[in-house]
Amino acid sequence: MTILITNIKELLQVRDETILKVSGLQMKELPTIKNAYLLIDNDTIVDYGEMSVVTGINADQIIDASGKLVLPTWCDSHTHIVYASDRSQEFVDRINGLSYEDIANRGGGILNSAKTLQDTSEDDLYNQSVARLKAVMSLGTGAIEIKSGYGLTPEAEFKMLRVIKRLKKDFPIKVKATFLGAHALPIAFKDNKQGYLDQIINDMLPQIAKENLAQYIDVFCEKGYFDLDDTAQILKAGQEYNLTPKIHVNQFNAFGGIALAVKHQAISVDHLEELNNEDIIALKDSNTMPVALPSCSYFLSIPYTPGRQLIDAGLPLALATDYNPGSTPSGNMNFVVSTACIKMKLTPEEAINAATINGAYAMGISNQYGSITKGKKANVIITKPVSSYNYLPYAFGDNHIETVIINGEII
Ligand SMILES: N=CN[C@@H](CCC(=O)O)C(=O)O
Ligand SMILES: [Zn+2]
């Protein structure tokens, strides 16, 4: 099946050569072709260029994109979309004055989600997750990372990871799985943290490796959760099973977690709402992608990741949603891109780079996703008619998407 998209007002993020990420000043550049066409053959981008040279190309389906933009689908490198029920009551509790920390300290938060998930069947969990996955695909996400971490027992963590594996098999969207057993300390281990770490290392990791349930290993490295020593233990153990580190760090406190992650060759460090100079120095000359989650800052009213500072220091930056029931009940990458421009002062070019090619890098897939490049996967968004790409983040909250194509399939 071939699809030819014609009369594209502007084709965005066109990279003739495969690039894996963009950093610093490169992030300001968004290569485009005006009045363009794009040809898809099954699941692959096979050709593109200016309309003036398109004569003679035939296709099974032709889509006229007059007045519309075409860009790569979003690459959301940080989500927790496999969860059970929601935490809207905690949302109201926060409105009434409790903090995220207060809620966690009284047994709510992640432990609340874990209890619900433990009592939810695998099929029910799968069906709840399917609804979220379909919703984010229709919002333009074509590649997604999904974490475990709301199980916190071996059985419940495996249940989450098996659901992720089913999603991967059943949908055209690219899915990467991350094992986040060290998300919070379960009540059963409240006075025995090492006991839980041992359970992760000795009981969970071998089974996860055996069933090939994850590609990445994550830890919530934060005061009151897992400290630097705990994090180092888990990352090292994960690496012994070929899981690459990708961690939650510097959400509320900066205490050396970024340098630790870089030392363990983490593919990304995520959150970074609190950041100091040592953190920036640690990221320089590393292969680790900093990932900002502006919807989380918005929802919790915590600082935004200083993305401007990171880019101005010559570093790359990726944007992701953090879709989860506690800190970010939204998987809308369009809102993330707008919020990064509005609150973090990224230019539209920087935000689009951060949400496409750099997001793909943070999932280890930027050789196949995140740009319009011949040979890459046919994952594109066709917008409604808009004045320019600046309009996408500018007119926040509106849905500018008309059509989403994922793996060559019109969604
Ligand atoms: N911070 C840690 N984990 C999630 C939120 C967890 C929750 O509140 O359920 C996050 O990335 O924000
Ligand atoms: Zn998260």
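This report walks through the domains, the core, one helix and the ligand surroundings of the structure above.

**Two domains**

Keep in mind that this is a predicted model. The protein chain is split into domain 1 (2-72 + 370-410) and domain 2 (75-361). Their centres, taken over C-alpha atoms, lie 29 Å apart. Where the two meet, 28 residues of domain 1 are in contact with 32 residues of domain 2. On the domain 1 side, strand E5 (68-72), helix H15 (391-394) and strand E15 (401-406) each give two or more residues. E15 provides the largest share of that side, with three residues. By type, the domain 1 side that touches domain 2 holds 16 nonpolar, eight polar and four charged residues.

**The core and helix H12**

The largest nonpolar core counts 128 residues, and those with the most contacts inside it are Leu38, Val70, Leu319, Val337, Ala340 and Ala355. At least three residues of this core come from each of domain 1 and domain 2. As a general rule, nonpolar side chains tend to be buried together in soluble globular proteins.

Now look at helix H12 (residues 333-344): nine of its twelve residues are buried, so the helix is largely enclosed by the rest of the structure. Among these buried residues are Val336, Val337, Ala340 and Cys341. Leaving aside neighbours within four places in sequence, Ala340 is in contact with Ala292, Pro294, Gly307, Leu319, Leu346, Ala351 and Ala354. After H12 comes Lys345, with a positive phi near 65°.

**Around ligand 1**

Which residues are around ligand 1? They are Gly109, Ile110, Ser113, Phe220, His248, Gln251, Cys296, Asp322, Asn324, Pro325, Gly326 and Ser327. This shell is made up of four nonpolar, seven polar and one charged residue.

An unreviewed UniProt entry places the feature "binding site" at Arg87, Tyr150, His183, Gln251 and Ser327. Gln251 and Ser327 are also among the residues around ligand 1.

Two of the annotated positions, Tyr150 and His183, are set side by side here:

| Residue | Loop between | C-beta neighbours within 10 Å |
|---|---|---|
| Tyr150 | strand E7 (141-147) and helix H5 (154-170) | 30 |
| His183 | strand E8 (174-182) and helix H6 (193-210) | 25 |

Are these residues buried or exposed? A residue is buried if 20 or more other C-beta atoms lie within 10 Å of its own, so Tyr150 with 30 counts as buried, and His183 with 25 is buried too.

Not counting residues up to four places away in sequence, Tyr150 touches His80, Tyr83, Ile110, Ser113, Ala114, Leu117 and Met160. With nearby sequence neighbours likewise left aside, His183 is in contact with Ile110, Gly149, Leu152 and Phe220.

Note on methods: Residues numbered from 1 in each chain as written. Chains lettered and ligands numbered in written order. Predicted model: local features only at pLDDT ≥ 70, side-chain atom pairs only at ≥ 80, totals over all residues. Helix = DSSP H or I, 4+ residues; strand = E, 2+ residues; numbered from the N terminus. Near = placed C-beta within 6 Å. Nonpolar A, V, L, I, M, F, W, Y, C, P; charged D, E, K, R; others polar. Core = buried A, V, L, I, M, F, W, Y, C linked by C-beta atoms within 7 Å. Domains from an automatic or database assignment. Contact = placed C-beta atoms within 7 Å. UniProt positions renumbered as here; feature names shortened; annotations may be inferred.
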